[in-house]
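Trainee: I would like to learn how to read a model like this one. Could we go through it feature by feature?

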Amino acid sequence: MAETDKDDLVSIIEEDISGLEIPTQLPLLPVRDVVIFTDMLLPLFVGREKSVRAVEAAVSKDRFLFVATQKDPAVENPKAGDIFSIGTVSRILRILKLPDGRVKALVQGFAKARITRYLQKRSFFRVQVEILDEPAVEKPNLEIEALMRNVREYSEKILALRGEMSTDVGSILESIEDPGKLADLVASNMRLKIEEAQQVIELVDPADRLHKVHDLLSREVELSAMQAKIQSEVKDEISKSQRDYFLREQMRAIHKELGELDERGQEVEEYRRSIKRARMPKEAFEEAQRQLRRLEQMHPDAAESSVVRTYLDWLTELPWQKTTKDVIDVQQAKIALDRDHYGLDKVKDRILEYLSVRKLNPNIKGSILCFVGPPGVGKTSLGQAIAKAMRRKFVRMSLGGIRDEAEIRGHRRTYIGAMPGRILQGLKACGTSNPVFMMDEIDKVGADFRGDPSSALLEALDPEQNIEFSDHYLNLSFDLSQVMFILTANVTDTIPSALLDRMEVINLSGYTEDEKKAIAANHLVPRQLKENGLKPRQLTISPNAMTTIINEYTSEAGLRNLEREIATLCRKVARKIAEGDKGPFTITRQNLDKYLGLPKFFPEMDQEASQVGLSTGLAWTQAGGEVLYVEASLIRGKGELIITGQIGEIMQESARAALSYSRAYLDSVGVKASTFENLDIHIHVPAGAIPKDGPSAGIAMATALISAVTQRPVDKDVAMTGEITLRGRVLPIGGLKEKALGALRAGIKTVVIPAKNKKELEEIPVAIKRKLRFMAVRNMDEVLDLALQAPIGKLARRPAASRSKTVSKKASA
């Protein structure tokens, strides 16, 4: 290399390279992130040891080297397979050695070539190349000329969008007549990806290369136009925001000079006054002031400002210290409860006890009441009556189907559309912190991946904890100790034990026929007459007709279906009056079917005569007590037990226990054990589509089995309930009052109950005990004496002391 100064740092080579012969064996310089085209002038920084040696080898000879692009720029030491085979034979025009050992070289593309063989790989790459000669284009056709014109126009348009267009550039583009050179020039100045640039250089035919460049330019024009549009819109938006900010600041300064407040200042001042009026606890007050300072410093159009405003609205509108004064008059409350609710004496006594304690000690932490009973017995209306008696606001919330814990505790403010839980929503709606808060359907709360709402209710319903109830949205403590919570449920089985432990359960069993008649006459009929626009003199329902409606058109523990039937009567009469018939109308038992159609229930005709293998049990459901028929049949087989009727595991165990007892009992009265070896025993409990479970049908199953084997009919007027053991003992059951009401609705005359349930007869209304005969039994022998119409075998010779004793009407009264 020629030396130009004493430091030997710079070598400058300037000479005419036209007419030089290109050697076929050249040093290889792999480059990253760039593809060199012919006639392209490009400075390169060479730092890798192999590449520096390749440059030095080229400079020491004829200054020619082959420049090819790496396939993967991340590879530090590329091998032969990591380098594209087609590249450019280039000439080093200038070279500068840097102090750190690197070399800066200015190279110019000379000719396109392909690697045919690698001659050297160790010290640096030396390759055998084949020059790729392009086919000559003597005179471009119309298509080539059109493509060249489009390429020039697209190039000028792109440069104009970028703000880089000048007259010199346009002149250079117009001066190039060769399509291949035009394609190379444009491609070398486009921001192409390595893969796209390599595809262009590998096209030897100038027309094909021009087509490729034209397609790439078309896409680049669209991208550049879209980019320019976006930049223009952003610039306009920024300019508008700056203008709005400037004008807003000017308005603020003007208002300040005039001694007035602008809209934003008025909003902040209004929040400040609302915070003082809310009488929040210290912690909440400090948080409200902090959020107000944040709002004051925010831009009005900031996204978070609406979140802060909503939070401040909730803080200022919650009834932190707002309460209603309890005015408790126990005598007036008793009169109001008796007037609005017929029967339910035990429930009303408990409510009056609660009111009495609240009157004597207003600060006592009240227990959580839970009304449990079938639908339509008046659970919700009792809660309203309590609120009315205490002159408190009433809030109702249904928990049925709730599966998200956030429904109770609220959402955290990080979520879009976050709100407090439904407890605080109810308090805000009623405007006081001590309402009567009724939560319906507590037994129907669900749970899934979003949390368990029943667990969230533990804090709200615990008098020792709810003084600092924490809602996720507020992130502050709220005092719920003054709220009187009343819950309702149909059953307690599905209520979590931890939640049930915090509540005082009050059972509402249902209404008797006499109670339903009285409620219908005093409440339901007047209400339906008013709702249907009728006057009392226009419609009269006779007592016999009402009895028929209760017994033959409804079968329920509550009153909902009864009110629906009364509403149907009122609508029929209202239509007749609207059509011109003046009336008055009297509904009797004889013309009732003209209004309501055929009867829907025939309770006394379900079992017209006593039958063999058919006993009557009693069940307790969410809708109240019902009769449950148990059928037993013997068929030829292998001694298997078949159980049908969609009954649960507990009931199936009762069936097996009943079978074991029946075999032992029948053996004691002379029936051979081999009798069962060739017989299958089939026990069926209609209706098959309704799931059934529980142990209280054990004695009914045993009675049906023994009746089927001995061919003795079971008395159709006898219903029974009780769990059976293998030794024939009868164990106590639950829901006696509900089952008694179900038996009464079904026309049963005698109810067999376990002896240990005898004490519960005191809670059964006198009206029921007058119509039903309750028989308390200790073992199955006594049950069979009562249920089977004729004595069987040794049963007739058993001592009288072991037989059941009838509970006398006088004693039960």
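Mentor: Start with one residue and its cover. Val234 has a relative accessibility of 43%, so it counts as partly exposed. Keep in mind throughout that this is a predicted model.

Trainee: Which helix holds Val234?

Mentor: Val234 is in helix α6, residues 206–258.

Trainee: Which residues make a nonpolar surface patch with Val234?

Mentor: Met226 and Ile230 join Val234 there. The patch covers about 270 Å².

Trainee: Now the whole chain. How many helices and strands are there?

Mentor: The chain has 26 helices and 28 strands. Its length is 813 residues, and 46% of them are buried. The accessible surface is about 42,600 Å². Carbon and sulfur atoms hold 49% of that surface.

Trainee: What share of the contacts comes from residues 24 or more positions apart?

Mentor: Count the contacts with a separation of 6 or more. Of those, 73% are between residues 24 or more positions apart.

Trainee: Let us turn to the interior. Which residues touch the most other members of the largest nonpolar core?

Mentor: Ile442 and Leu474 do, in a core of 52 residues. Take Leu474 and set aside its neighbours within four places in sequence. Its contacts are then Tyr311, Trp314, Leu315, Leu318, Trp320, Arg413 and Leu424. A second core is separate and has 49 residues, among them Ala333, Leu344, Ile486 and Leu508.

Trainee: How should I read a single buried residue?

Mentor: Ask for its cover, its element and its partners. Ala183 has a relative accessible area of 0%; the cut-off for buried is under 20%, so Ala183 is buried. Ala183 sits in helix α4, residues 179–189. Beyond four places in sequence, Ala183 contacts Arg209, Leu210 and Val213.

Trainee: How far is the C-alpha atom of Ala183 from that of Asp208?

Mentor: They are 9.6 Å apart in space, with their positions 25 residues apart along the chain.

Trainee: Is Ala767 buried, partly exposed or exposed, and what is the figure?

Mentor: Ala767 counts as partly exposed, at 25% relative accessibility. Its place is helix α24, residues 766–771. Compare sequence with space here. Ala767 and Glu515 are 252 residues apart in sequence, while their C-alpha atoms are 9.3 Å apart.

Trainee: Next, a helix as a whole. What span does helix α8 reach, and what is expected?

Mentor: Helix α8 runs over residues 282–297, 16 in number. From first C-alpha to last it reaches 23 Å, close to the 22 Å expected at 1.5 Å a residue.

Trainee: Which residues of α8 are buried?

Mentor: They are Ala284, Glu287, Ala288, Gln289, Gln291, Leu292 and Leu295.

Trainee: What about charged side chains?

Mentor: Begin with the general idea. Side chains of opposite charge can pair when their charged atoms come close. In this structure a search finds 29 salt bridges.

Trainee: What is the N to O distance between Glu130 and Arg114?

Mentor: It is 3.8 Å in that salt bridge. Glu130 lies in strand β7 (residues 126–131) and Arg114 in strand β6 (residues 103–120). The two are 16 residues apart, and the pair links distant parts of the chain. Glu130 is partly exposed at 39%, and Arg114 is partly exposed at 31%.

Trainee: Which residue forms a salt bridge with Glu296?

Mentor: Arg272 does, with the closest N and O atoms 3.7 Å apart. Glu296 belongs to helix α8, and Arg272 to helix α7 (residues 263–277). They are 24 residues apart. Glu296 is partly exposed at 41% relative accessibility. Arg272 is partly exposed too, at 25%.

Trainee: And Glu459 with Arg409: how far apart are the closest N and O atoms?

Mentor: They are 2.8 Å apart, in a salt bridge. Glu459 is in helix α15 (residues 453–461) and Arg409 in helix α13 (residues 406–409), so the pair ties together parts 50 residues apart in sequence. Now check the cover. Glu459 counts as buried, at 12% relative accessibility. Arg409 is buried as well, with a relative accessible area of 14%.

Trainee: Which residues are linked in a network of salt bridges?

Mentor: Lys112, Glu134, Asp184 and Arg209 are linked in this way. You have met Arg209 before, as a contact of Ala183.

Technical notes:
Residues are numbered from 1 along each chain as its sequence is written. This is a predicted model: local features need pLDDT of at least 70, side-chain atom pairs count only at pLDDT 80 or more; totals for chains, interfaces and linings use all residues. Side-chain values use heavy atoms; hydrogens and water are left out. Helices (H or I, at least four residues) and strands (E, at least two) are DSSP runs, numbered from the N terminus. Buried means under 20% relative accessible area, exposed over 50%, partly exposed in between (1.4 Å probe, protein chains only). Contact means heavy atoms within 4.5 Å. The expected span of a helix is 1.5 Å times one less than its number of residues. Accessible areas come from the Shrake-Rupley method with a 1.4 Å probe; for residues, only the protein chains shown count as cover. Patches are made of residues with over 30% relative accessible area and no salt bridge: like charges are joined within 9 Å, nonpolar side chains (Val, Leu, Ile, Met, Phe, Trp, Tyr) within 5 Å. A salt bridge is a side-chain nitrogen of Lys or Arg within 4 Å of a carboxyl oxygen of Asp or Glu. A nonpolar core is a set of buried Ala, Val, Leu, Ile, Met, Phe, Trp, Tyr and Cys residues joined through side-chain atoms within 4.5 Å.
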